[in-house]
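User: I would like to work through this protein at the bench with the model open beside me. Could you take my questions in turn and reason through each answer?

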Amino acid sequence: MDTAPDQPSDAHGRADDARLPLLTAALVVVLALLAALTTGHLVAALVGPGASPYIAVGDSIIDLSPSWLVEFGKNAFGTKNKLVLLLGIGLALVLLGLLAGALSRRRAAPGVWLIIALGVIGLAASLTRPELGPLAAAAPVVSFLTGIAVFPWLHRQAREARHRPADASRRRFIGSSLGVAAGAGVAGLTGQAFAGPDIQASRADVAPFHPATTAPPIPTGADFAANGTPTLITPNRDFYTIHTALVVPRVPVADWSLRIHGMVDSPLTLSYDDLRKRPLIERTLTLACVSNPVGGTLISTANFIGVDLRGLLKEAGVKPGAQQLYSTSHDGFTAGTPVDVVMEPDRRAMLALGMNGEPLPVSHGFPVRMIVPGLYGFVSATKWLVDLELTTWSAKQGYWQPRGWAREAPIKTQSRIDGPLGDIAAGDVVVAGTAWAPHVGIDAVEVRVDDGPWQRAELSTEVSVDTWRMWRATVRMSQGENTVTCRATDRTGATQPEAETQVAPDGATGWHSVTFTAR
Ligand SMILES: Nc1nc2c(c(=O)[nH]1)N[C@H]1C(S)=C(S)[C@@H](COP(=O)(O)O)O[C@H]1N2
Ligand SMILES: [Mo]
C-alpha cells in the first residue's frame, strides 16, 4: 500500500492505516504543550515570573478555590500543597494531551482546539493577575503561538512518518520531536534561571541597616533551647512562611514605592529611600498564623528593623471615621487591620525593612512588610507591601474575609509542649515548651501528667509582652505512657480554655497534650 501523505485515509476506507498510533498522537500534543509552556515561561522571565501561563493559572486556581478546598489542600499536604497543585496541573495537562491525542490521530484539528482553549485560559489568567501589567500578556501569547505552530508541524511529520515508515520522514519526525523536547528544556530552564530582576543584588544593595534604636539584647534565660524549645529569636531560614503566591514576588527597591491614601489629610507616596531616611527602630516581635493548630509551629520571633507605623500614619493624618488600614501587596494579597489598634501609642506596629540584621528575605516580604504585634498575620502582616488605604470596614474586605475568616483577629493565648525529644526514662523528667499571648504577655504556664494535679512551670525571662515565652517543669513520669498537658494564663488573668476549636475563623483554642513513653 502506498498512500499519499496528504490523503491518508484511502478510498477503500482502510482508515486504521492512516491513523497515528495513540501514543504517537498523544506525544505530539504533549510535546507541543511542553514547548508552549516553556517558551511562555522564558518570556515571563522578562515580563514578570507570575506571567508564566502555568504559574498564572496555578495562582488563579488558588484565588478562585472555595475555602474548603484550600483548607483541604493545607491539611492534606501541608507546606507541600503548592507543589501538589503544580503537579496536579501538570497531570491534568498530560491527561488532556492524551485525550486530544486520541482525537487527533487522523486530523490535527482537535489538538488545535485544545491549544486554543488552553491559550485562552492562560491569557485570561495572566490578564487578571493583580500583580501583572498588560505587558505580561506577552508570555501567554508567545506560549500560544508556539503551541499553535509546533503542534500542526509535528503532527504533519508524524503523519508522513506513518505513511513512509522506513524512509527519512521517520527520522525527521524523531529528530523534530527530540529537537522540540530539547528546546523546551532549554527554554524552561533559562526562564527559571533568569526569572525576574536580580533580587539578591537589590537586597545586598540596601544592607546594612543602622537602626537609631536597637532592640535590647536578649537576656540570658530567655529560652529553654537546651530542653527542646526553640531559641527566642528564630533564624531567618527557620522562620515560618505563609503566603498565597505560587512564585514569591520579586520587587527590587528601585521599582518599589508605597502609597498611603484614602481617609487621610495628606496622601503620601514614599520611596524606599524615604523610609530608610526615617529613624529606624528595631523591635523583637513574635508573629503567628491563624492557621496554626494547637501544638503547631506556625509562629516565630525575629528582630524586625523598620519604621514606626503609627508615626507614619500620624504624618499622613488619619481622618476621623477611618476604621480599617487596608494593606495591599504587590501580588494582590490584602489585609484589613483595625485603625484603632494600629494607632494605640504602645502597639509598636511597624513597617519592617529588615529582619535579624539583614534586609527582609524575599519570602518574608522584601522590600517592605507590615507587622502589628498581637494580631494574626492574615489581618496585619502584609508582605511585599505597596499600598496602605485608610477606609471603612464596609468599603473593602481583606483577602481571607470572604473566604470564611474573621475580620478582626487578635492572636489567642496558646501554649505548646516542645520537649523532651528522644528517649525518656521513668522518674523525674524535664518537660519544656513555648507559650504566647503577643501584646498581652504570659503570666503562668501549668502542666499535668494524665489526670494528675496542675503544676506550675518555670517561665523564661520575659523579653517583652510582644514576644513568646518559654517554660519548663520537672514532672514525674511512670513507666509506659504518660500524657502531658499544658495550659497558659495570660496577663489579663485568663487561662486558656480547654474546649478545642478549629483554626477557622479566628484561631484554634484548646490544650496541647503529648504522650511520652518512658522506659
Ligand atoms: N503578600 C502576602 N502577605 C502575607 C500573606 C500572603 O499570603 N501574601 N500571608 C499572611 C499570613 S496568613 C501570615 S501568617 C504572614 C506570614 O508571614 P511569614 O511568611 O513571614 O511568616 O504573612 C501574611 N502576609
Ligand atoms: Mo496566616
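Analyst: Before the questions begin, one cut-off is needed: a residue counts as buried when its relative accessible area is under 20%, as exposed when it is over 50%, and as partly exposed in between. By that rule Phe239 is buried, and so is Tyr240. Please keep in mind that the model is predicted.

User: What average pLDDT does the protein have, and over which residues is the pLDDT below 50?

Analyst: The protein averages a pLDDT of 92, and 96% of the residues score at least 70. The stretch with a pLDDT below 50 has 14 contacts in the model beyond near neighbours in sequence. The average asked for is therefore 92 on a scale of confidence that runs from 0 to 100, and the stretch below 50 is residues 1–16.

User: How many helices and strands does the secondary structure come to, and what percentage of the residues count as buried?

Analyst: Along its principal axes the C-alpha trace spans about 90 × 65 × 40 Å, and residues 24 or more positions apart account for 75% of the contacts with a separation of 6 or more. The secondary structure comes to 12 helices and 18 strands. Of the 519 residues, the part that counts as buried is 52%.

User: How are helix H6 and helix H7 oriented to each other, parallel or antiparallel?

Analyst: The axes of H6 (residues 109–128) and H7 (residues 138–163) come within 9 Å and cross at roughly 175°. Because angles over 145 degrees count as roughly antiparallel, H6 and H7 are described in that way. The contact includes Gly111, Ile115, Gly119 and Leu123 of H6 and, from H7, residues such as Val141, Phe144, Gly147 and Phe151. The orientation of H6 and H7 is therefore roughly antiparallel.

User: Is Ala158 buried or exposed, and which residues does Ala158 touch?

Analyst: Ala158 is found in helix H7, and its C-alpha atom is separated by 51 Å from that of Leu385, 227 residues apart along the chain. At 3% relative accessibility, Ala158 counts as buried. Not counting residues up to four places away in sequence, the residues that Ala158 touches are Leu20, Thr24, Val28 and Phe173.

User: With which residues is Ser60 in contact, leaving aside its neighbours within four places in sequence?

Analyst: The place of Ser60 is in helix H3 (residues 53–64). At 12% relative accessibility, Ser60 counts as buried. Leaving aside those neighbours, the contacts of Ser60 are with Ala125 and Arg129.

User: How many aromatic pairs are there, and what kind of pair do Phe239 and Tyr240 form?

Analyst: The count comes to nine aromatic pairs, where rings pair if their centres lie within 6.5 Å. The rings of Phe239 and Tyr240 have their centres 5.7 Å apart and their planes at 15°. Since planes under 30 degrees apart count as stacked, the pair of Phe239 and Tyr240 is stacked.

User: Why do Phe378 and Trp405 count as an edge-to-face pair, and which aromatic cluster includes Phe378 and Trp405?

Analyst: The rings of Phe378 and Trp405 have their centres 6.1 Å apart and their planes at 65°, so the pair is edge-to-face. Phe378 lies in the loop between strand S9 (369–371) and strand S10 (385–391), and Trp405 in the loop between S10 and strand S11 (414–419), so the pair ties together parts that are 27 residues apart in sequence. Phe378 is buried at a relative accessible area of 10%, and Trp405 counts as buried at 6%. The cluster is formed by Phe333, Phe378, Tyr399, Trp400 and Trp405.

User: Over which ring does the charged end of Arg403 sit, and over the face of which residue does Arg487 lie?

Analyst: The charged end of Arg403 is 3.7 Å from the centre of the ring of Tyr399. Arg487 is at 4.0 Å from the ring centre of Trp454. The ring under Arg403 is thus that of Tyr399, and the face under Arg487 is that of Trp454.

User: Which residue does a cis peptide bond join to Phe366, and which to Gly419?

Analyst: In both bonds omega is about 10°. The bond from Phe366 leads into the loop between strand S8 (358–359) and S9, and the bond from Gly419 leads into the loop between S11 and strand S12 (427–436). The residue joined to Phe366 is Pro367, and the residue joined to Gly419 is Pro420.

Note on methods
Residues numbered from 1 in each chain as written. Chains lettered and ligands numbered in written order. Predicted model: local features only at pLDDT ≥ 70, side-chain atom pairs only at ≥ 80, totals over all residues. Heavy atoms only, no water. pLDDT = per-residue confidence, 0-100. Contact = heavy atoms within 4.5 Å. Phe/Tyr/Trp six-rings, centres within 6.5 Å; stacked < 30°, edge-to-face > 60°. Buried < 20%, exposed > 50% of the residue type's maximum accessible area, 1.4 Å probe, protein only. Helix = DSSP H or I, 4+ residues; strand = E, 2+ residues; numbered from the N terminus. Lys NZ or Arg CZ within 6 Å of the ring centre and 35° of its normal. Axes fitted to C-alpha atoms, helices over the stretch in contact; angles between N-to-C directions. Parallel < 35°, antiparallel > 145°, perpendicular 65-115°, else oblique.
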